[in-house]
Amino acid sequence: MKALTTLMQVFTRVGGMSAVYKQPTCKDDRLKALQALISCPTNSIRTEVPPPDILEAQKTFPIPIDEKKLPGVYHCGYHSSKSYGASSYLIIHPDGNILIDSPKFTERLARKIEELGGVCYMFLTHKDDVADHGKWSKRFCCDRILHSGDVEACTADVETKLDGNGPWRLGQDIMLIHTPGHTEGSVCLFYMPLKILFTGDHLLMRESGLDIVEMYNRYSVGTQLDSVKKLLDLDFNWIMPGHGRRIEFKDIEEKNAILEAFVEEKYAHYSSVKNKW
């Protein structure tokens, strides 16, 4: 398993937060640092003077994640504080492009996405990461998809509300998997041709390993663990989370071994805690 990291030459972790480790020393490092500055939802990354090449960095979004292994899959950048800084993704698809969760709306990013074919569907993994969904919907006249269990006042007008436990299909090669736990209506998107699972806040990778971020659970930790166990039935090699690091597994055997060990450890932990009560 590889946790895919970027910018480690420039940034590091201090006390669970990101910090500048050293100034960029080459063109590639500088570009990545400027991309991080643009994407930072809290404007915590700054420069002493306005960077003259910031416009060139803005033009790079959305960024291809891996053009050889994952053609047509992009990281949108422009993380929104309204989505707690979550990542959003774009899939270029012959039946209509899919925007996964909401980046901060900027017309500059919208024009770049328009050059790639626009947006047909906006899939919202759960209620926390909807950010500027209304602005994106208006800009592209796209159909928004959200589970009914996570519909709130701000998303009452989404075009498609998923009901029940699924799974649901979006065309022939995309499956929507109900994974309740973090929220009641959390849903993962499984892009079958490239074996990618977009997990929202359901499952992510930290420096310490896989994580379900119990402290931010809004529904049921036990249910979330049951939903992680469901992922053993899916043949994917990649996890694209809303937070944390992207993950590439060597194969389904490695994926299942890691998920099984994680679930068993968590089940044992919560069983022990329950017994102490």
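The exercises below, each with a worked solution, concern a predicted model.

**Exercise 1. Describe the overall make-up of the protein chain.**

Solution. Begin with the secondary structure: the protein chain has 6 helices and 18 strands. Next, consider burial: of its 277 residues, 50% are buried. Then turn to the contacts between residues at least 6 apart in sequence, of which 53% join residues at least 24 apart. Finally, the accessible surface of the protein chain comes to about 13,800 Å², and 51% of this area belongs to carbon and sulfur atoms.

**Exercise 2. Determine whether the span of helix α1 agrees with its number of residues.**

Solution. Helix α1 covers residues 27–39, which is 13 residues. The expected span is 1.5 Å times one less than the number of residues. For α1 this gives 18 Å, and the end C-alpha atoms are 18 Å apart, so the two values agree. The buried residues of α1 may then be located; among them are D29, A33, L34 and S39.

**Exercise 3. Characterise the surroundings of H75.**

Solution. First, place the residue: H75 lies in strand β5, which comprises residues 70–75. Second, decide on its burial. The limit for a buried residue is under 20% relative accessible area; H75 has 14%, and therefore counts as buried. Third, examine the side chain, which makes a polar contact of 2.9 Å with the side chain of H79. Fourth, set aside the neighbours within four places in sequence; H75 is then in contact with F61, P62, I63, I65, S87, S88, Y89 and R246.

**Exercise 4. Compare three salt bridges by the elements they link and the burial of their partners.**

Solution. The structure holds 13 salt bridges, and three are treated here in turn.

- Step 1: E114 and R139. Their closest N and O atoms are 3.1 Å apart. E114 belongs to helix α3 (residues 107–115) and R139 to helix α4 (residues 133–140), with their positions 25 residues apart in the chain. E114 is partly exposed at 42% relative accessibility, and R139 is partly exposed at 23%. The two residues also join E107 in a network of salt bridges.
- Step 2: E159 and R144. Here the closest N and O atoms are 3.0 Å apart. E159 sits in the loop between β9 and β10, while R144 is in strand β9, so the salt bridge ties together parts 15 residues apart in sequence. E159 is partly exposed, at 39%, whereas R144 is buried, at 4%.
- Step 3: K266 and E214. Their side chains meet at 2.7 Å, N to O. K266 is in helix α6 (residues 252–276) and E214 in the loop between β16 and α5, 52 residues apart. Both residues are buried.

**Exercise 5. Classify two aromatic pairs by the geometry of their rings.**

Solution. The structure holds 6 aromatic pairs. For W136 and F140, the ring centres are 6.2 Å apart and the planes lie at 0°, so this pair is stacked. Both residues lie in helix α4, 4 residues apart, or about one turn of the helix, and both are buried. For F190 and F236, the centres are 6.5 Å apart and the planes lie at 70°, so this pair is edge-to-face. F190 is in strand β13 and F236 in the loop between α5 and β17, 46 residues apart. F190 is buried at 6% relative accessible area, and F236 is buried at 0%. As a last step, W136 and F140 are placed in one aromatic cluster with F105.

Note on methods: Residues numbered from 1 in each chain as written. Predicted model: local features only at pLDDT ≥ 70, side-chain atom pairs only at ≥ 80, totals over all residues. Heavy atoms only, no water. Helix = DSSP H or I, 4+ residues; strand = E, 2+ residues; numbered from the N terminus. Buried < 20%, exposed > 50% of the residue type's maximum accessible area, 1.4 Å probe, protein only. Polar contact = N/O pair within 3.5 Å; in protein donor to acceptor, adjacent residues only side chain to side chain. Contact = heavy atoms within 4.5 Å. Salt bridge = Lys/Arg side-chain N within 4 Å of Asp/Glu carboxyl O. Areas by Shrake-Rupley, 256 points an atom, 1.4 Å probe, with all protein chains shown as cover. Phe/Tyr/Trp six-rings, centres within 6.5 Å; stacked < 30°, edge-to-face > 60°.
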